[in-house]
Amino acid sequence: MANATLLGALVIISLGVGIAFLTVLSISAIATNMRVGGGGAYFIISRALGLETGAAIGIPLYASQVIGIAFYLAGFTETIRPYHDYPDWLVSCISLLVLALISNISTSIAMRMQATILLLLAISFVSYYVGIFTFEPDMTKEIAYEWERSSFWEVFAVFFPACTGIVAGIALSGELKDPKTAIPTGIIGALLVGYLLFISIAITLAFFVPHELLATDTLIMTKAAAIPLLVTAGIFGATLSSAINNLVGAPRTVKALADDRILPSILGKESGKRREPQIAAFATFVLSGVCIFIGDVNTLASILTMFFLTAFGALNLIAGLEGLLGNPSWRPSFRSPWQLSILGAVLSLFAMLMINPGAAIIAIITCVVIYHTMRQKGVNAHWNDMRRSILNFFARASIYRMEEFEEDPKTWRPNILVFSGSPTSRMYLIELSESFSHSKGFLTVCTVLTSQVTESKILTYQRSIQEFLAKRQIPCLVKVVSDPDYFSATNQMIKYYGIGRATPNTFIFGETTEEDKFIPFAQMIRNIYKAHKNILVVREDHRD
């Protein structure tokens with residue numbers, strides 16, 4: 001409030017909650033369309049966009065959960081600073097140790113504490129609202145009314161973590177009996193209640209507390225309350241509750257990453273009677289302790305906001321694309337217009353760039369590096385994701401648009417269909433074809449099987465050729481056909497292969513030395529010539 005007018009504060013609150021609300025709608029749609037397992041946001045992203053993208057978002061998301069623990073404990077420490085003379089880092093570390101022990105002893109105990117904390121928060125808000133209307137600030141003391149005013153987006157970065165509790169909630173999705181019902185109901189209700197509280201606090205502080213006090217006293221809400229100790233207790237509960245949620249949820253994100261072999265499998269190992277990921281929990285505890293020494297609340301909040309906005313953008317993008325593509329498998333019981341999800345993704349990216357363009361670019365580069373690393377690592381998923389649908393959407397749009405334009409020599413590109421037979425025996429044809437297309441055009445490698453084989457064997461043979469050429473880094477399509485008459489099959493491929501204007505314009509064959517095939521071979525060449533296509537017959541030089 002001290003760094004913004006009432007209008008500015010309301011805009012910041014509405015924008016932050018608005019982005020979170022759009023993300024909530026997206027998560028609700030996703031959660032009612034699929035089984036959401038352990039790992040929450042990472043699970044959703046990886047099952048929709050593939051393991052590589054899941055890792056690219058999931059690892060930074062885990063980092064944000066770790067930083068969030070330090071952030072919430074820093075807020076707790078700042079609140080109790082007037083009651084002790086110990087260093088802040090020591091208080092935060094002791095608090096971290098106590099909460100880690102509680103969450104390690106029993107997750108159920110940690111979760112049951114939330115009900116008590118919720119009641120405590122409700123009482124603290126009642127105390128604040130009763131007291132604020134009769135609050136008489138003490139203005140007799142000298143106030144140092146100078147502070148470094150922050151920009152709109154700096155204030156937004158500090159406020160936004162208050163809207164990210166939904167990520168902690170879905171991180172515990174594996175513990176829910178019915179995630180499809182609990183996730184939409186819980187996160188929508190919590191966000192709406194939170195928004196009303198944020199707005200009412202901003203308005204009452206603006207009207208009943210002098211600006212000087214707002215600028216200099218971070219604990220002004222406790223002083224304005226009817227019973228200050230109750231508000232202090234409420235702040236304790238809010239910060240410690242958020243910290244313990246992340247302490248419980250973050251190890252489950254690690255476990256999900258380890259189960260998918262993104263991180264070392266030892267991190268996902270469960271132990272104890274309750275089969276908890278204790279190694280992941282210990283790693284989270286250590287990393288959170290390191291983060292405590294990074295800096296103050298504002299520094300941690302800015303880092304936290306950047307990572308959360310990345311995850312929010314990805315979740316909105318998934319729901320938006322699912323709705324836009326209209327996959328038959330997309331049948332959520334909770335429906336939200338795909339346009340709102342796309343808007344949520346755009347707003348998330350916009351907020352990142354406005355808060356700190358440099359940090360936003362670093363966050364994006366971090367995700368790209370992780371994605372590329374996973375691609376190089378060759379991680380494989382045992383499920384189908386929506387990437388094929390995305391490619392199909394753009395391919396369909398492109399092919400239809402191509403029909404509107406006549407081919408021009410200036411834009412000509414090779415679209416080669418090479419009849420190679422067995423790639424191992426006529427690899428020179430494929431290599432020559434690739435040198436012509438040079439990864440700028442299209443290349444299809446066709447093999448004609450003259451023996452009768454089943455469809456499953458054709459697919460198996462096709463996959464083996466694809467793997468053979470992929471190892472040699474030759475990008476191409478592979479087509480295997482079965483026909484007792486070789487020339488009948490090739491003529492059919494020449495005449496009908498392709499779609500729309502995306503049809504082969506160049507055909508490459510190896511020579512034939514069998515006299516009984518000279519006439520059908522010549523007729524095939526004649527047919528290609530009549531179709532105004534290019535043809536290249538290659539003779540391999542066997543000389544040493």
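**Exercise 1. Find the residue in β4 that is the bridge partner of V418, and place the pair in its sheet.**

Step 1. Look across from V418 into β4, and you land on I508.

Step 2. Now zoom out to the two strands: β1 covers residues 415-419, β4 covers residues 506-510, and they pair in the parallel sense over three bridges. Strands pair if DSSP finds at least two bridges between them. Helices (H or I, at least four residues) and strands (E, at least two) are DSSP runs, numbered from the N terminus.

Step 3. Add the rest: five strands make an open sheet with parallel pairing, ordered β3-β2-β1-β4-β5. At the edges sit β3 (477-482) and β5 (534-538), each pairing on one side only. On average, neighbouring strands here are turned by 20° against each other, direction ignored.

A word on the input: this is a predicted model, where local features need pLDDT of at least 70 and side-chain atom pairs count only at pLDDT 80 or more, while totals for chains, interfaces and linings use all residues. Residues are numbered from 1 along each chain as its sequence is written, and side-chain values use heavy atoms, with hydrogens and water left out.

**Exercise 2. Work out which strands helix α19 lies across.**

Step 1. Take residues 486-496, the span of α19.

Step 2. Check its contacts (heavy atoms within 4.5 Å): α19 lies across β1, β2 (442-449), β3 and β4.

Step 3. Get the direction: α19 runs at about 175° to β1. Axes are lines fitted to C-alpha atoms, for helices over the stretch in contact, and angles run from 0 to 180 degrees between N-to-C directions.

**Exercise 3. Describe how α2 and α3 pack.**

Step 1. Helix α2 (residues 41-49) meets helix α3 (residues 51-79) at an angle of about 160°, and their axes are 7 Å apart. That makes the two roughly antiparallel (over 145 degrees).

Step 2. List the contact: on the α2 side you'll find A41, Y42, I45, S46 and L49, while α3 brings L51, T53, G54, A55, I57, G58 and L61.

Step 3. Sort those residues, and you get eight nonpolar, four polar and no charged. Here Ala, Val, Leu, Ile, Met, Phe, Trp, Tyr, Cys and Pro count as nonpolar, Asp, Glu, Lys and Arg as charged, and the others, Gly among them, as polar.

**Exercise 4. Is S124 buried or exposed?**

Step 1. Locate S124 in helix α5 (residues 107-132).

Step 2. Its relative accessibility is 7%, so S124 is buried (under 20% relative accessible area, with exposed over 50% and partly exposed in between, using a 1.4 Å probe and protein chains only).

Step 3. Leaving aside residues up to four places away in sequence, S124 touches L230, V231 and G234.

Notes:
Angles under 35 degrees count as roughly parallel, over 145 as roughly antiparallel, 65 to 115 as roughly perpendicular and the rest as oblique.
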